[in-house]
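Welcome, and please open your viewer. We will go from stop to stop, with something to select at each one.

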Amino acid sequence: MVSDQNGITTSIKPQQVTFIVPGAENFEPTEISDFVQKAQDNLDTALLEFAWNELVEKNKSVTVQELAEMIFGSAEPLESYCAHLLLSRDEVYFTVLESKGLSPVYGPRTATQVGELLRRKLAKETAEKEFEELIQLLRSAKKMPPQDKPPRSSWKTEEKIWHKIESLEAFAIDACKNDDQKRTAGMILKAMGLAKTSSAAVNLLIDIGYFPVHVNLDLLKLNIPTDHREEILSVADSILSSSPDLDEADRVDLTHLKVYAIDVDEADELDDALSATRLQDGRIKVWIHVADPTSLLQPGSIIDKDARRRGTSIFLPTATYSMFPERLAMEGMSLKQGKLCNAVTVSVVLRSDGSIAEYSVENSIIKPTYMLTYESATELLHLNLEEEIELKILSEAAALRLRWRREQGAIDTGTLETRIKVTNPDHPEPSIKLYVENQADAAMRLVSEMMILCGEVIATYGSHNNIPLPYRGQPQSNIDTSAFEHLPEGPVRSSAIVRIMRAAEMDFRNPVRHGVLGLPGYVQFTSPIRRYMDLAAHYQVKAFLRGDSLPFSAGELEGIASTVNMTTRVVRRLSSSSLRYWILEYLRRQPKGKRFRALVLRFIKDRIAAILLTEIGVQASSWVSLGVQIGDEVDVQVEEAHPRDDVLSLKEVEAV
């Protein structure tokens with residue numbers, strides 16, 4: 001039975017007793033607190049070291065009372081308890097030799113053991129001090145206003161700090177390489193009073209200024225390369241300064257043609273351009289000029305291998321990460337207004353029904369006349385200027401082609417497409433410019449039809465000449481569009497058809513019917529600076545034009561496509577998530593109560609409908625009132641928009 005300092009008596013088991021203070025008689029429980037405090041005040045580890053020095057020389061063990069007598073000159077209760085506390089807390093000098101009975105026996109450790117333990121203790125104390133200093137730094141940075149927070153680079157200057165921040169970053173993006181990183185991140189979060197979750201780590205890194213407020217976590221998680229190695233940049237520079245045109249002697253001079261390059265306004269890499277004329281017999285002839293990077297590259301070169309590893313250029317609202325080093329892509333490969341440019345030109349004469357009457361594929365040299373945005377090209381078409389008759393002929397050719405493809409079973413899946421440009425993404429409140437493009441717009445339709453025409457010609461050319469190419473097909477070529485005729489034409493019908501379509505398939509020996517495009521065969525060929533499989537098709541066609549042996553067999557192309565397509569799927573996912581993040585951030589910033597027009601695409605369950613915000617180009621879901629039908633327009637307001645959590649909540653409101 002024991003009594004505590006509060007006078008409470010309790011029954012305890014013997015194994016619950018750690019030490020019995022000998023010699024204490026007539027002891028009042030109220031004296032315990034004072035007794036414990038006096039013992040704490042008398043603790044001095046230097047005394048323990050003194051005793052160890054003496055005992056290790058004699059190789060002699062000691063009891064608690066003997067140690068008390070040795071260092072305090074007394075084995076009275078207070079001194080004995082002090083000796084017990086020193087020994088029980090000691091991790092360096094002594095070890096328990098015998099613990100039976102009420103008085104354990106302690107033996108001095110060897111000098112070697114003590115030296116190692118002291119080293120470890122010092123390292124532990126240093127680590128604890130460094131950790132506490134880091135926590136103070138984090139707390140200090142967290143309190144600072146955004147403009148005063150330390151730059152990201154400052155966290156990397158000291159290895160001891162960077163190691164811990166690196167662990168926290170790895171934990172934030174679910175990329176810890178080992179348990180040590182997880183443990184370190186957990187300790188930091190606990191010390192900061194935060195939950196041990198990746199989102200807490202992300203928020204902490206944002207709060208200290210290491211991550212920008214709008215950090216792209218998917219870009220970090222997917223470990224996608226954004227920069228080019230120095231070695232690659234060096235080789236790219238040498239190509240620009242010294243590489244001859246491999247096809248110079250074989251180029252057709254087409255500099256007399258008026259050439260239109262039409263793309264989005266911020267396009268850096270221009271892959272394609274167009275020309276047209278009307279022949280004397282009334283038929284239309286068009287030229288699709290495609291940039292010619294293979295005039296500078298060889299398959300298997302260091303630049304080619306790096307491009308293959310990347311698979312595609314990456315276009316995000318915040319940045320563009322090119323498949324090729326930027327200077328090589330821009331200066332050596334891209335088409336440029338008013339400059340002589342190497343190209344591969346596909347020329348086509350169309351019959352009056354839009355089918356192909358004649359075609360040719362050849363190396364060329366061109367001089368682009370105009371670099372137009374889709375908006376300016378559409379404006380020119382509407383102005384119907386006589387001096388821009390070639391643009392009108394291109395538009396007429398596009399209309400012929402669209403009608404012909406529809407007669408072959410092509411399905412129109414055009415809808416609204418959103419583009420966002422964020423000019424200063426590292427700023428807490430970056431500038432967001434949103435563009436919603438209708439794919440049925442005159443200029444967009446013109447360009448897409450000419451690109452599709454080029455793809456059909458290359459597939460035909462490859463088939464006639466037995467060239468292995470990445471032929472694309474759409475297996476679901478017999479979609480019964482009449483089943484969707486009750487739906488309004490445009491986004492509603494397109495959305496319904498797209499939902500039942502299967503992914504495209506590839507063959508590397510023969511063309512495959514592309515049912516959705518209404519073509520007997522199709523090869524993507526018009527973006528060799530941006531897409532590696534387009535570049536691979538160029539390698540094959542260019543080798544055939546030169547009379548060289550083809551660089552890739554069908555089997556080799558299939559292997560390349562397997563790897564590249566895996567990468568491009570990851571990039572598509574990244575592009576999609578990045579676009580959605582910034583759309584939600586755009587909506588989050590809109591004035592509370594702002595109304596948006598929305599088109600009802602379909603019903604998901606009961607009155608919950610899938611809707612398309614026509615001014616934003618984003619699909620979402622919302623409850624809609626009774627009587628609203630598919631294809632109707634409703635007004636909605638944003639109730640919640642949380643880009644980091646991918647949450648968008650909308651509410652239907654009464655039309656004004």
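## Two helices at an angle

Helices H3 and H4 are roughly perpendicular to each other, a label for angles of 65 to 115 degrees, where angles under 35 degrees count as roughly parallel, over 145 as roughly antiparallel and the rest as oblique. Before you select them, a word on the model: it is predicted, local features need pLDDT of at least 70, side-chain atom pairs count only at pLDDT 80 or more, and totals for chains, interfaces and linings use all residues. Residues are numbered from 1 along each chain as its sequence is written, and side-chain values use heavy atoms, with hydrogens and water left out.

Now select residues 64–72 for H3 and residues 77–89 for H4. Their axes come within 8 Å and cross at roughly 105 degrees. Such axes are lines fitted to C-alpha atoms, for helices over the stretch in contact, and angles run from 0 to 180 degrees between N-to-C directions. Helices (H or I, at least four residues) and strands (E, at least two) are DSSP runs, numbered from the N terminus.

Show the side chains where the two helices meet: H3 brings Val64, Gln65, Leu67, Ala68, Ile71 and Phe72, and H4 brings Glu79, Ser80, Cys82, Ala83, His84, Leu86 and Leu87. Contact here means heavy atoms within 4.5 Å. The residues of this contact divide into nine nonpolar, three polar and one charged. In this scheme Ala, Val, Leu, Ile, Met, Phe, Trp, Tyr, Cys and Pro count as nonpolar, Asp, Glu, Lys and Arg as charged, and the others, Gly among them, as polar.

## A sheet of three strands

Next, select residues 62–63 for strand E3 and 94–98 for strand E4, then add residues 105–108 for strand E5. Together the three strands form an open antiparallel sheet in the order E3-E5-E4. E3 and E4 stand at the edges with a single partner strand each, so one side of each is left without a neighbour in the sheet. Two strands pair if DSSP finds at least two bridges between them.

How many bridges pair E4 with E5? There are four, in the antiparallel sense. Zoom in on threonine 95, whose bridge partner in E5 is glycine 107, and on valine 96, which is partnered by tyrosine 106. On the other side, E3 and E5 pair over two bridges, and threonine 63 stands opposite valine 105.

Stay on E5 and look at where its residues point: Val105 and Gly107 go one way and Tyr106 and Pro108 the other, and all are buried. Buried means under 20% relative accessible area, exposed over 50% and partly exposed in between (1.4 Å probe, protein chains only).

A short walk along the chain takes you to glycine 115, in helix H5 (residues 111–143). Glycine 115 counts as partly exposed, at 37% relative accessibility. Try a distance to valine 92: the two C-alpha atoms are separated by 8.5 Å, with these positions 23 residues apart along the chain.

## Another helix pair and its loops

Move on to residues 389–407 for helix H14 and 442–464 for helix H15. The two pack at an angle of about 65 degrees, their axes 9 Å apart. Their contact includes Leu394, Ala398 and Trp404 in H14, together with Leu446, Met450 and Leu453 in H15. In full, the residues of this contact divide into ten nonpolar, one polar and six charged.

Two asparagines are worth a click. Asparagine 384 sits in the loop between helix H13 (374–383) and H14; its phi is near 55 degrees, a positive value in a residue other than glycine. Asparagine 384 is partly exposed, with a relative accessible area of 44%. Asparagine 466 lies in the loop between H15 and strand E17 (471–473), and also has a positive phi of about 55 degrees. At 64% relative accessibility, asparagine 466 counts as exposed.

Between those loops, select strand E15 (residues 416–422): five of its seven residues are buried, so E15 is largely enclosed by the rest of the structure. Seven bridges join E15 to strand E16 (residues 432–438), and the two run antiparallel.

## Last stop: five strands

Finally, find the open antiparallel sheet in the order E21-E20-E19-E22-E23. Strand E21 (618–623) and strand E23 (647–653) stand at its edges. Helix H18 (residues 554–589) lies across all five strands, E19, E20, E21, E22 and E23, at about 100 degrees to E22.
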